[in-house]
Amino acid sequence: MTRVVLSIGSNVGDSLAHLRSVVDELGAAVVAVSPVYVSAPWGGVEQQDFLNAIVVAEDPGRDSTAWLAFAGEREQAADRVRIERWGPRSLDVDIIVCENIVSADPELTLPHPRAHQRAFVLVPWLDVDPDASLLVDGADRPVSEWLASLPEEERSSVSRTDMTLDTPG
């Protein structure tokens, strides 16, 4: 069984519908879905806030390469356009971890190399897996510790909403 943690985000168009499209497409493979969070944009590009969530899924037919293809297909279906790094996007689907795979492949680095720096990943991840851990540079620490190590400004830039992805749009 291949288990994956996906971080999904959107700040262009119907963001909630874009996020729901990922959950809908995964169907029975979904193990857990976090509540939806609103977060300040990350990376210094002026833009509107994002909606973010974490999806945990399992699919025996998908390896890390297939999960990467899934992420690209979902982004393409949402008409994602890559103009500016860390810029606005209709849908961003990032693979945070996939099983216990560690990879330095430039096409798919696992675990995600910046997940431990991003409260918009860590906060919703803790909602669905309070005991989650993340390997960074050889250090496997609880996600809660990675989150606690972030500056208060980063942690406070993420707020839970009343929106969910487990109900029909």
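Visitor: Does Trp146 count as buried or exposed here?

Guide: This is a predicted model. In it, Trp146 counts as buried, because its relative accessibility is 7% and the cut-off for burial is under 20%.

Visitor: Where is Trp146 found?

Guide: Trp146 is found in helix α4, which covers residues 143–148.

Visitor: And what does Trp146 touch, not counting residues up to four places away in sequence?

Guide: Trp146 touches His116, Leu122, Leu134, Val136, Ala139 and Arg141. As for Ala71, which is 75 residues apart from Trp146 along the chain, the C-alpha atoms of the two are separated by 25 Å.

Visitor: Leu122 is on that list. Which residues of α3 are buried?

Guide: Leu122 is one of them, together with Ala119, Phe120, Val121, Val123, Pro124, Trp125 and Leu126. Helix α3 spans residues 119–128 and is mostly covered, with 8 of its 10 residues buried.

Visitor: What about Asp129: where is its place?

Guide: Asp129 has its place in the loop between α3 and β8. Asp129 is partly exposed, at a relative accessible area of 27%. The C-alpha atoms of Asp129 and Val4 are separated by 12 Å, and the two residues are 125 residues apart along the chain.

Visitor: Let us turn to the interior. Which residues touch the most other members of the largest nonpolar core?

Guide: Leu6, Ile8, Leu26, Trp67, Ile95 and Leu165 do, in a core of 25 residues. Two or more residues come from each of β1 (3–10), α1 (15–26), β4 (50–58), α2 (64–77), β5 (92–98) and β7 (108–110).

Visitor: Which element gives the most to this core?

Guide: That is α1, with 5 residues. There is also a second, separate core of 23 residues, and its members include Ala32, Ile54, Val136 and Val143. As background, nonpolar side chains in soluble globular proteins tend to be buried together.

Visitor: Back to Ile95, then. What is Ile95 in contact with, leaving aside neighbours within four places in sequence?

Guide: The contacts of Ile95 are Val4, Val5, Leu6, Ser64, Trp67, Leu68, Leu108, Leu110 and His112.

Visitor: Trp67 comes up again. How many aromatic pairs does a search of the whole structure find?

Guide: The search finds 1 aromatic pair. The partners are Trp67 and Phe70, whose ring centres are 6.0 Å apart and whose planes meet at 85°, so the pair is edge-to-face.

Visitor: Why is that pair edge-to-face?

Guide: The planes of the Trp67 and Phe70 rings are at 85°, and an angle over 60 degrees counts as edge-to-face. In sequence, Trp67 and Phe70 are 3 residues apart in helix α2, so about one helical turn separates them. An α-helix has 3.6 residues a turn, so residues three or four places apart point the same way.

Visitor: Are those two rings buried or exposed?

Guide: Trp67 is buried, with a relative accessible area of 0%, and Phe70 is buried as well, with 2%.

Visitor: What about His18: where does it lie?

Guide: His18 lies in helix α1 and counts as buried, at 17% relative accessibility. Leaving aside neighbours within four places in sequence, His18 is in contact with Ser10, Val12, Gly13, Ala78, Ser90 and Leu91.

Visitor: New topic, pockets. What volume does the second largest pocket have?

Guide: The second largest pocket has a volume of about 330 Å³. Its lining has 18 residues, and Val97, Glu99, Asn100, Trp125 and Ser133 are the closest to its centre.

Visitor: How do the residues of that lining divide?

Guide: The lining of the second largest pocket holds 12 nonpolar, 2 polar and 4 charged residues. At least two lining residues are supplied by each of β1, β5 and β8 (133–136).

Visitor: Glu99 is one of the residues closest to the centre. What is its phi?

Guide: Phi of Glu99 is near 50°, a positive value in a residue other than glycine. Glu99 is found in the loop between β5 and β6 (103–105), and it is partly exposed, at a relative accessible area of 36%.

Visitor: And phi of Asp137?

Guide: Phi of Asp137 is near 50°, again positive in a residue other than glycine. Asp137 has its place in the loop between β8 and β9 (139–142) and counts as exposed, at 81% relative accessibility.

Visitor: Last one: is the peptide bond from Leu110 to Pro111 cis or trans?

Guide: The bond from Leu110 to Pro111 is cis, with omega near -15°. Pro111 lies in the loop between β7 and α3. For context, most residues other than glycine have a negative phi, and most peptide bonds are trans.

How values were computed:
Residues numbered from 1 in each chain as written. Predicted model: local features only at pLDDT ≥ 70, side-chain atom pairs only at ≥ 80, totals over all residues. Heavy atoms only, no water. Core = buried A, V, L, I, M, F, W, Y, C linked by side-chain atoms within 4.5 Å. Buried < 20%, exposed > 50% of the residue type's maximum accessible area, 1.4 Å probe, protein only. Helix = DSSP H or I, 4+ residues; strand = E, 2+ residues; numbered from the N terminus. Contact = heavy atoms within 4.5 Å. 1 Å grid on protein atoms, 1.4 Å probe; cavity = no way out; pocket = protein on both sides within 12 Å on 5 of 7 lines; lining within 4 Å. Points joined across faces, edges and corners; volume = space filled by probe spheres on them. Nonpolar A, V, L, I, M, F, W, Y, C, P; charged D, E, K, R; others polar. Phe/Tyr/Trp six-rings, centres within 6.5 Å; stacked < 30°, edge-to-face > 60°.
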